[in-house]
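Colleague: I should be grateful for a close look at a single part of this structure. Please take one strand and describe its surroundings, and then continue to other parts if they help a first-year student.

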Amino acid sequence: MPQSTGTIITVAPTGAEHAKPDVPNLPVTLAELVSTAQDCERVGAAMIHVHIRGEDTRPTLDLGRLKDTVAALREQTNLIVQLSTGGAVTDPEADRLRVLDALPDSASCTMGTVNFGDDVFLNRWEFIVELHQRMLERGIVPEYEIFDLGQLSTLRRLLDKHGLPAGGHVHVDLVMGVPGGMPGDAETLVAAMRLVPDGATFSATGVGRATLPVMLASLSAGGHLRVGMEDTITYARGERVKDNAQLVARAAGLARIAQRPPLAAGQVRELLGVKGEKGLADVAV
């Protein structure tokens, strides 16, 4: 597995699980999302993993809103824009595939079905293959999301049968601590590393109380980080998260302590094979 002298920090600011009335500081409007992205970029994020909400603040995969979101983030930040193709657990496959028509820099591609709390997050093999192929056709770099160890075997099967992704580099995100998925601890992360394809890089996401253990384990193992209010709304015991930038700043500080400081968006584009050297904000006059 290639070792990096820096750390990719991805922020996942919203997700599809938390309700705005329960989490008033959750960014759900386009203006809130752009402001959050700018704040997170300033303190060390290079990529943003995006779920969007409708006028009613509920999750949506509306293509027009997705296109507007991608355009606004490119215009006003240098972040790599990654759209979720997971949506909410109730979203149909056709809507999830249509996300790619918004032409983000990157998109998630989950490698299997997993129990997700009381729900089921369904990802059939045929759907996974279709996502992989459509991303390849559009030049969208996938991030392969792994919720359980067996899904790394599915990733190997996918690459063996259908070839490398757009950009030519394999990047994995280990999503750890979801009730029904793999636990968020160092032992499981080490087990996962043994199954990550040769030459691939990985990020790790700790959900809820797994946030800090997974972050520290990933840094110590040469991995990268995803943080954000999609994955936790608690900063410390008894303390709610103030905003996403607070979580990114903590991740950036720990990355510097590990002597693997946050990578800039341009460096991450090169590492992951994301097309284009600059975001639109780099060339604005």
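Modeller: The account below begins with one strand and then moves to its neighbours and to some other parts of the chain. The model is a predicted one.

The strand to examine is β11, which covers residues 201–206. Is this strand enclosed or open to its surroundings? Of its 6 residues, 6 are buried, so β11 is largely enclosed by the rest of the structure. The residues of β11 can be divided according to the side on which they lie. Thr201, Ser203 and Thr205 are on one side, Phe202, Ala204 and Gly206 are on the other, and both faces are covered.

The strands paired with β11 come next. Strand β10, made of residues 171–176, runs parallel to β11 and is joined to it by 6 bridges. One of the bridge partnerships is that of His171 with Thr201 in β11. Strand β12, made of residues 224–227, also pairs with β11 in the parallel sense, here through 3 bridges. In that pairing, Ser203 has His224 of β12 as its bridge partner.

The strands are also connected by way of helices. β10, helix α6 (residues 186–193) and β11 form a β-α-β unit that is right-handed. A right-handed β-α-β unit is likewise made by β11, helix α7 (residues 211–220) and β12. Strand β11 therefore takes part in both units, with α6 in one and α7 in the other.

A single residue of the strand shows these surroundings in detail. Ser203 lies in strand β11. Its relative accessible area is 1%, and because buried means under 20%, Ser203 counts as buried. When neighbours within four places in sequence are left aside, Ser203 is in contact with His171, Val172, Asp173, Leu174, His224 and Leu225. Among these contacts, His224 is also the bridge partner of Ser203 in β12.

Helix α6 deserves a similar description. Its buried residues include Thr188, Leu189 and Ala192. Viewed down the helix axis, the buried residues of α6 fall within an arc of 100°, so they line one face of the helix. An α-helix has 3.6 residues a turn, so residues three or four places apart point the same way. The cover over the buried residues of α6 includes α5, β10, β11 and α7.

Another part of the structure concerns aromatic rings. The structure holds 3 aromatic pairs. One of them is formed by Phe116 and Phe121, whose ring centres are 6.4 Å apart and whose planes stand at 85°, an edge-to-face arrangement. Phe116 has a relative accessibility of 21% and counts as partly exposed, whereas Phe121, at 7%, counts as buried. Phe121 also pairs with Phe147: the ring centres are 5.8 Å apart and the planes are at 80°, so this pair is edge-to-face. Phe121 belongs to strand β8 (residues 119–121) and Phe147 to the loop between β9 (141–146) and α5 (150–162), so the pair ties together parts that are 26 residues apart in sequence. Phe147 is buried, with a relative accessible area of 4%. Ring pairs thus link Phe116, Phe121 and Phe147 into a cluster.

Charged side chains also lie over rings. Arg157 is placed over the face of Trp125, at 3.7 Å from the ring centre. The charged end of Arg250 sits over the ring of Tyr235, 4.1 Å from its centre.

A further strand, β5, can be described in the manner used for β11. Strand β5 consists of residues 80–83; Ile80 and Gln82 point one way, Val81 and Leu83 point the other way, and all are buried. Strand β2 (residues 47–50) pairs with β5 in the parallel sense over 4 bridges, and Ile48 stands opposite Val81. Strand β6 (residues 106–110) runs parallel to β5 and is joined to it by 2 bridges, with Ala107 as the bridge partner of Leu83.

Finally, a loop residue touches β5. Val274 is in the loop between α9 (265–272) and α10 (280–283), and is buried with a relative accessible area of 7%. Not counting residues up to four places away in sequence, Val274 touches Ile80, Asp105, Val141 and Arg269. Val274 and Val141 are 133 residues apart along the chain, yet their C-alpha atoms are separated by 6.1 Å.

Key:
Residues numbered from 1 in each chain as written. Predicted model: local features only at pLDDT ≥ 70, side-chain atom pairs only at ≥ 80, totals over all residues. Heavy atoms only, no water. Buried < 20%, exposed > 50% of the residue type's maximum accessible area, 1.4 Å probe, protein only. Pairing = 2+ DSSP bridges. Right-handed = clockwise from strand over helix to strand, strands pointing away. Phe/Tyr/Trp six-rings, centres within 6.5 Å; stacked < 30°, edge-to-face > 60°. Lys NZ or Arg CZ within 6 Å of the ring centre and 35° of its normal. Arc of directions from axis to C-beta. Contact = heavy atoms within 4.5 Å.
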